[in-house]
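Work through these exercises with the model open beside you. Try each task before reading its solution.

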Amino acid sequence: MEDLTVSIKNLRQKYREIFKTSAEELEKRVNDIKPEGVGDIFDAYPIGSPGRLWQDSVLKMFDEDICREIFRKWNEILAYRKEFSCNGCGTCCRLACSEFSPEELKIKAEHGDNFANQFLSVFIPYESKEQAKQVYPEYIEMLEKNKEDKVYFYHCPKLNDCNRCTDYDNRPQICRDFPDNPLAFLPKSCGFEQWKQEIEPVALMLHSMLEIIEYYKNHIPVRTL
Ligand code: SF4
Ligand code: SF4
């Protein structure tokens, strides 16, 4: 039996290592444009001072240079997905997980959340976790072992016993796009698993960079003086 707990543990370890490398790389980019005699990037500087101009340049570099490059690479990853295809295992139709309950999704949909709206147009909740467990026991057990936050399990009644979608032409965009997140969990039976394996290191690196940039943006005190 597949041990997903070990896989998730390894993935987290891999992410920590990649995160450290990304943090060092970004720190180097920040310091490469640092003026002489200026302190830390997170210090507060007066408007017009070299320190403040440096902070402005760093934020500009993040937005206009690094984030654009991340976005370009992310699109390349998604374009490469077209080299792979669904093998009709049906797992993603039989088991969809959400951190939101049906009621919460309904509220989100009513407030214009397109994903929630599409999700509710096809998926209905399992009556019990035991039913969901029959589809992919290893996955549910991994969630239990990791004591993940509340997870709700859903399935689509439009899938027939031969793993075929009975409303294929009208399936919503979320079905057509799946899987559109290389960091989301995929069952081993999925035809896109190889795609995920191949692009995972790059996807982790891009994700870590975005996380670190977000930290810089939230902690550079450009509005304090
Ligand atoms: S609508 Fe079709 S493709 Fe989408 S989840 Fe249901 S069975 Fe699967
Ligand atoms: S899990 Fe992957 S291979 Fe299986 S039905 Fe979904 S997209 Fe297709």
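In what follows, Ala, Val, Leu, Ile, Met, Phe, Trp, Tyr, Cys and Pro count as nonpolar, Asp, Glu, Lys and Arg as charged, and the others, Gly among them, as polar. The model is predicted.

**Exercise 1. The two ligands**

Task: list the residues around ligand 1 and sort them by class.

Solution. Start with the names. Ligand 1 is surrounded by C93, V122, C156, K158, L159, C165, D167, R171 and C175. Now sort them. The shell holds 6 nonpolar and 3 charged residues, with no polar ones.

Task: find how many residues surround ligand 2, and which are closest.

Solution. The count is 13. Closest to ligand 2 are C86, C89, C92, C190 and G191. Next, take the classes. The shell of ligand 2 has 7 nonpolar and 6 polar residues, and no charged ones.

**Exercise 2. The domains**

Task: divide the protein chain into domains and describe where they touch.

Solution. First, the bounds. Domain 1 covers 4-83 + 200-219, and domain 2 covers 91-190. Second, the spacing. Their C-alpha centres lie 32 Å apart. Third, the contact. Here 8 residues of domain 1 meet 8 residues of domain 2. On the domain 1 side, α1 (4-32), α2 (50-80) and α9 (193-219) each give two or more residues. That side has 5 nonpolar, 2 polar and 1 charged residues.

**Exercise 3. Helix α1 and its partners**

Task: work out how α1 packs against α9.

Solution. Begin with the geometry. The axes of α1 and α9 are 9 Å apart, at an angle of about 55°. The two helices are therefore oblique to each other. Their crossing is right-handed. Then find the residues. From α1 come K14, Y15, I18, F19, S22, A23 and L26; from α9 come L204, M205, S208, M209 and I212. This contact divides into 9 nonpolar, 2 polar and 1 charged residues.

Task: do the same for α1 and helix α7 (residues 137-145).

Solution. The axes come within 8 Å and cross at roughly 60°. That makes α1 oblique to α7. In α1, the residues are L4, T5 and I8, and they meet E138, Y139, M142 and K145 in α7. By class, the contact of α1 with α7 has 4 nonpolar, 1 polar and 2 charged residues.

**Exercise 4. Helices α4 and α5**

Task: describe the packing of helix α4 (residues 102-110) against helix α5 (residues 114-122).

Solution. The angle is about 130°, and the axes are 7 Å apart. Angles over 145 degrees would count as roughly antiparallel, and 65 to 115 as roughly perpendicular, so this pair falls outside both. That makes α4 oblique to α5. The crossing is left-handed. L105, K106, K108 and A109 of α4 make the contact with A116, N117, F119 and L120 of α5. The classes are 5 nonpolar, 1 polar and 2 charged.

**Exercise 5. Backbone details**

Task: which peptide bond is cis, and where is its proline?

Solution. The bond runs from F178 to P179, with omega near -5°. P179 sits in the loop between α8 (173-177) and α9.

Task: state the phi of N163 and locate the residue.

Solution. The phi of N163 is positive, about 60°, although N163 is not a glycine. Its place is the loop between β3 (152-155) and α8.

Technical notes: Residues numbered from 1 in each chain as written. Chains lettered and ligands numbered in written order. Predicted model: local features only at pLDDT ≥ 70, side-chain atom pairs only at ≥ 80, totals over all residues. Near = placed C-beta within 6 Å. Axes fitted to C-alpha atoms, helices over the stretch in contact; angles between N-to-C directions. Helix = DSSP H or I, 4+ residues; strand = E, 2+ residues; numbered from the N terminus. Parallel < 35°, antiparallel > 145°, perpendicular 65-115°, else oblique. Left-handed = near helix turned anticlockwise from the far one by under 90°. Contact = placed C-beta atoms within 7 Å. Domains from an automatic or database assignment.
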